[in-house]
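Me: I'd like a close look at one part of this protein: the last helix and what it packs against. Could you walk me through it and tie it to the rest of the fold?

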Amino acid sequence: MNPEERAYHEGFMREAIAMAELALKSDETPVGCVFVKDGKIIGRGMNETNRTLNGTRHAEFVAIAGILSKNPIKILNKTDLYVTVEPCVMCASMLRQYGIRSVYFGCWNERFGGTGGVLNIHSDPSVDKPYPVTGGIFREEAIMLLRKFYVQENEKAPEPKQKKTRELKTEILPMDIHAPKSTPSPALPTPPIVASAARH
């Protein structure tokens, strides 16, 4: 990515980070996104799962609902997504089915990532066209927003955990953003065959 391209992508990722910061101030998991077509933002979203008590109200779903209320679905074929955290499996699948052009994200989603963090929904064989993914844009900022959220109390969590003694960790280790995050599952050993006891 040349410096001019990087500046272009970073500009839109800053807009996504602004949405994530708004989510954090609203006691939501700080994930924000913007959808961009022809160099213009056509949709914005942030997580709304706590406010709505609806686990499907991820930033991408919120933004797409607004976009599709005013535009035909085919607009997404010429649209890029900038999101602070790698799309989860659910969002990655939706983006593929809707034909998103490409996805740019900040940090990997090592628990639920659908674009390389855990699964490769964006590129696995499917009836839907795959989409390219670029991760690591303002990775540190995205990680710090998540850390700030996870050291505070979340009373709407299914099993709230006491966090009063947690400290905000500020060290972020470097990572090779070009290395694939997912690896094939190791082969499971074949269980030993146990002869059944003779019946009398």
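Reply: Start with how far along the chain the contacts reach: of those between residues at least 6 apart in sequence, 58% join residues at least 24 apart. Keep in mind that this is a predicted model. The protein has 200 residues, and 40% of them count as buried. It holds five helices and five strands, and going along the sequence you read α-β-β-α-α-β-α-β-β-α.

Now to your helix. α5 covers residues 139-150, which makes twelve residues. From its first C-alpha to its last it reaches 17 Å, close to the 16 Å expected at 1.5 Å a residue. Which residues of α5 are buried? They are Arg139, Ala142, Ile143, Met144, Leu145, Leu146 and Phe149. A bit of helix geometry helps when you look at a list like that: with 3.6 residues a turn, residues three or four places apart point the same way. As for partners, the buried residues of α5 pack against two helices, α1 (3-25) and α2 (49-52), and against two strands, β3 (79-85) and β4 (102-107).

The end of α5 is worth zooming in on. Phe149 is buried, with a relative accessible area of 1%, whereas Tyr150 comes out at 41% and counts as partly exposed. By the ring rule, the protein has five aromatic pairs. Another pair to look at sits in the strands that α5 packs against: Tyr82 and Tyr104 are stacked, 4.9 Å centre to centre with 10° between the planes. That pair links distant parts of the chain, with Tyr82 in strand β3 and Tyr104 in strand β4, 22 residues apart. Both rings are tucked away: Tyr82 is buried at 0% relative accessible area, and Tyr104 counts as buried at 13%. Back in α5, the rings of Phe149 and Tyr150 have their centres 5.0 Å apart and their planes at 75°, so this pair is edge-to-face. The two strand tyrosines also belong to a wider group, since Tyr8, Phe12, Tyr82 and Tyr104 form one aromatic cluster.

Next, the nonpolar cores. The largest has 24 residues, and those with the most contacts inside it are Phe35, Leu81, Leu95, Ile100 and Val103. α5 is one of the elements that give two or more residues to this core, along with β1 (32-37), α3 (59-68), β3, α4 (89-98) and β4. The most comes from α3, with four residues. Take Ile100 as an example: leaving aside neighbours within four places in sequence, Ile100 is in contact with Phe35, Leu76, Thr79, Asp80, Leu81, Leu95 and Tyr131. There is also a second, separate core of 14 residues, which includes Met13, Ala16, Ile17 and your Phe149.

Two of the other helices in that largest core also pack on each other. α3 and α4 meet at an angle of about 30°, with their axes 10 Å apart. Angles under 35 degrees count as roughly parallel, and therefore α3 and α4 are roughly parallel to each other. On the α3 side you'll find Glu60, Phe61, Ile64 and Leu68; across from them in α4 are Met90, Cys91, Met94, Leu95 and Tyr98. Leu95 is a handy residue to click on, as it is among those with the most contacts inside the largest core and is also part of this meeting of α3 and α4.

Methods. Residues are numbered from 1 along each chain as its sequence is written. This is a predicted model: local features need pLDDT of at least 70, side-chain atom pairs count only at pLDDT 80 or more; totals for chains, interfaces and linings use all residues. Side-chain values use heavy atoms; hydrogens and water are left out. The expected span of a helix is 1.5 Å times one less than its number of residues. Buried means under 20% relative accessible area, exposed over 50%, partly exposed in between (1.4 Å probe, protein chains only). Contact means heavy atoms within 4.5 Å. Rings of Phe, Tyr and Trp (its six-membered ring) pair if their centres lie within 6.5 Å; planes under 30 degrees apart count as stacked, over 60 as edge-to-face and the rest as tilted. A nonpolar core is a set of buried Ala, Val, Leu, Ile, Met, Phe, Trp, Tyr and Cys residues joined through side-chain atoms within 4.5 Å. Axes are lines fitted to C-alpha atoms, for helices over the stretch in contact, and angles run from 0 to 180 degrees between N-to-C directions. Angles under 35 degrees count as roughly parallel, over 145 as roughly antiparallel, 65 to 115 as roughly perpendicular and the rest as oblique.
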